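User: I would like to go through this structure term by term, asking each time what justifies the word that is used.

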Amino acid sequence: MAISAGVVGFHEPASVAAASASILGRERGIAGEVRVSQCAIGRRLNAKFGRGAVLTRSEIFANASLSSASVRSHGSSCSEGCGSQSSRKRSALCAIADRLTKDLGETEESCRVFTESDPADGKVNYNWEEQWYPLYLTREVPKDAPLGLTVFDRNLVVFYDGDGKLNCLEDRCPHRVAKLSEGQLMDGRLECLYHGWQFQGDGSCTKIPQLAPGAKIPKQACARSYALKESQGVLWVWMADHRTAPYDKVPYFDHYNAEGYEEFGAIHELPYDYSVLLENLMDPAHIPISHDRSDGPRSRRELAEAMVFDVTERTDEGFAGSWHLISSPEVINFTRFQAPSIAYTEQKKILLDGVEFRFSATVLCRPAGQGRAMLIIRFGNSRADGKKMNNLFSKIPQWYLHVRANIIFEQDMGFLSSQNEVLVREGKPTKDLYLNLRSQDVWIEEYRKWLDKVGHGMPYYYGHRTFSPAAVSAVKEASPAGLSASISSTHPAKGVFGHKYARDPTNRYFRHIVHCKPCRTALSNFQRCQKAALVVAALSAGLATVMSKPAYRVAFVALAFLMGAAYWVCSLGVATLTENWFRPHKLTL
């Protein structure tokens with residue numbers, strides 16, 4: 001349905017005739033005449049727009065056969081539009097219009113999304129524990145240390161055993177509830193560094209140093225284990241009983257196996273809720289504004305425009321559809337959301353050599369607690385003929401590409417965190433907070449309405465019409481014993497600065513570098529080069545002062561300056577990997 005700029009919104013099919021009949025039945029004096037008009041409306045709307053189109057009042061009247069009536073303006077009120085007409089037929093049709101457009105409102109609201117698919121109580125059977133969650137990129141799991149992670153408020157620890165198998169336990173020692181992720185690996189077993197209790201991959205305790213001679217290890221001395229599955233480079237965890245894990249249901253992505261497929265992936269920890277993150281990643285409209293000249297050729301604020309959306313699928317497990325810019329109807333983008341936290345976007349186009357090119361972005365979001373999310377994002381491309389793309393992209397160091405990705409997330413971080421705060425503080429469903437537009441926010445409203453159906457089976461959620469806050473406040477969940485205790489117990493497995501820096505979840509280093517081997521390696525190399533350049537510069541300057549020959553002095557002075565420049569370059573590299581990006585108008589002079 002075209003609305004001003006040709007933007008389309010969709011909602012779950014609702015019978016125009018049914019909505020009309022309940023009102024028209026009251027108009028008994030003109031029943032026959034009105035029913036003819038009513039049926040005409042239904043037939044024409046279905047023929048022109050198809051089932052599920054979003055309608056404004058003027059469009060309803062424009063499609064009705066009324067020889068004596070003119071189309072009302074969007075801004076006119078119902079009483080003015082209907083009361084001023086002498087014809088009861090006109091009044092009845094006004095009532096039809098008001099019934100069909102009551103959620104759209106007047107002129108200002110006529111462009112809002114209206115995607116009703118279920119009644120407010122249309123809940124489905126859902127249990128958040130009986131889902132596969134993306135934990136980590138397998139290649140980033142350290143082989144010589146345990147890794148502490150979370151799913152909602154559940155603390156988990158992942159580690160390799162002596163056989164090289166990945167295991168997942170509850171991050172809690174059964175002895176005195178200390179975090180096992182603070183421990184170490186000893187002979188293929190996970191050791192709690194508080195008293196030295198050791199655990200195998202299945203959670204059973206195999207050693208208690210303080211056990212009395214001849215005594216047996218108590219049966220209760222075991223840690224809960226969780227089912228893990230590695231698939232296509234991603235580690236997935238089943239949060240319910242590990243004996244019930246359906247391994248054949250682990251998400252699988254066919255495009256990863258395409259011939260010539262090239263992938264670029266990374267992990268990011270972000271300081272806002274995973275639902276806010278998913279919204280942001282399914283929102284193409286913000287890119288030209290938020291990432292002006294930062295995220296590809298389309299990220300230019302002057303290129304911001306309306307979009308056309310087509311929701312083609314809705315299930316209890318998510319939704320799917322396509323969208324395109326109104327200026328580029330030939331470039332179709334496909335988007336799918338799959339429960340509990342996967343968003344997939346794909347774009348296909350024909351290259352200059354006539355071969356189809358496929359670009360994809362697979363977003364795996366893990367709820368890491370209130371106000372926290374872990375993101376595994378994987379970009380990829382492939383040609384239909386299986387050949388690899390010949391471009392400079394693959395020649396750029398990974399750490400630099402990751403830095404560019406960090407800048408993108410930092411451009412969003414301020415307003416996404418503040419959005420998260422409003423959701424929690426206001427305690428309202430999003431329909432009372434958001435002003436969604438059908439020209440840009442269809443996926444956002446689809447996602448929040450999906451939460452309406454399944455949120456009752458989650459620890460907390462904020463849906464479109466319903467919401468349920470967490471039983472425990474975010475502050476208490478994150479820091480039940482105070483902020484200092486929380487910071488002290490959440491060090492990453494690798495890259496701990498310890499004596500130099502306290503953990504800051506908003507800092508680029510802790511959001512990404514500690515989770516990324518290429519970036520940690522680059523940082524380590526820059527720091528080594530810094531020290532070497534400083535030493536050589538100092539020695540060169542000293543030698544220059546004692547040399548008698550002018551040529552030697554000049555050479556050593558030049559070397560000192562060169563090493564000083566190298567130190568400066570390495571300092572820029574360290575800063576790039578550890579310091580956040582800020583918008584120019586926020587910087588201090």
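**Terms and the values behind them**

Analyst: The buried residues of helix H13 pack against helix H8 (398–426), helix H12 (508–511) and helix H14 (550–578), where contact means heavy atoms within 4.5 Å. This is a predicted model, in which local features need pLDDT of at least 70 and side-chain atom pairs count only at pLDDT 80 or more, while totals for chains, interfaces and linings use all residues. Residues are numbered from 1 along each chain as its sequence is written, and side-chain values use heavy atoms, with hydrogens and water left out.

User: What makes H13 a helix, and how does its span compare with the span expected?

Analyst: Helices are DSSP runs of H or I with at least four residues, strands are runs of E with at least two, and both are numbered from the N terminus. H13 covers residues 517–546 and has 30 residues, so the run satisfies the minimum of at least four. From its first C-alpha to its last it reaches 44 Å, close to the 44 Å expected at 1.5 Å a residue, the expected span being 1.5 Å times one less than the number of residues.

User: Which residues of H13 are called buried?

Analyst: Buried means under 20% relative accessible area, exposed over 50%, and partly exposed in between, with a 1.4 Å probe and protein chains only. The buried residues of H13 include Cys519, Arg520, Ala522, Leu523 and Phe526, and further along Gln530, Ala533 and Ala537. As background, an α-helix has 3.6 residues a turn, so residues three or four places apart point the same way.

User: Why is Gln232 called buried or exposed, and why Asp187?

Analyst: Gln232 has a relative accessibility of 19%, and because buried means under 20%, Gln232 counts as buried. Asp187 has a relative accessible area of 68%, and because exposed means over 50%, Asp187 is exposed. Gln232 has a positive phi of about 55 degrees although it is not a glycine, and it lies in the loop between strand E9 (225–231) and strand E10 (234–238). For Asp187 the phi is likewise positive, about 55 degrees, in a residue that is not a glycine, and its place is the loop between E5 and strand E6 (189–191).

User: How do you know that strands E14 and E15 pair, and what joins them?

Analyst: Two strands pair if DSSP finds at least two bridges between them. E14 and strand E15 (residues 342–350) have six bridges in the antiparallel sense, so the pairing criterion is met. Thr335 has Thr345 in E15 as its bridge partner, and a hairpin of three residues joins E14 to E15. Pro340 is found in the loop between these strands, and the peptide bond from Ala339 to Pro340 is cis, with omega near 0 degrees.

User: What makes E5 and E8 edge strands?

Analyst: The open sheet has four strands in the order E5-E6-E7-E8, with antiparallel pairing. Strand E5 (184–186) and strand E8 (205–207) each have a single partner strand, so one side of each is left without a neighbour in the sheet.

User: Why is the largest group of buried nonpolar residues called a core?

Analyst: It is called so because a nonpolar core is a set of buried Ala, Val, Leu, Ile, Met, Phe, Trp, Tyr and Cys residues joined through side-chain atoms within 4.5 Å. The largest one has 76 residues, and Val151 and Trp450 are among those that touch the most other members. Helix H9 (residues 442–454) gives the most to this core, with seven residues.
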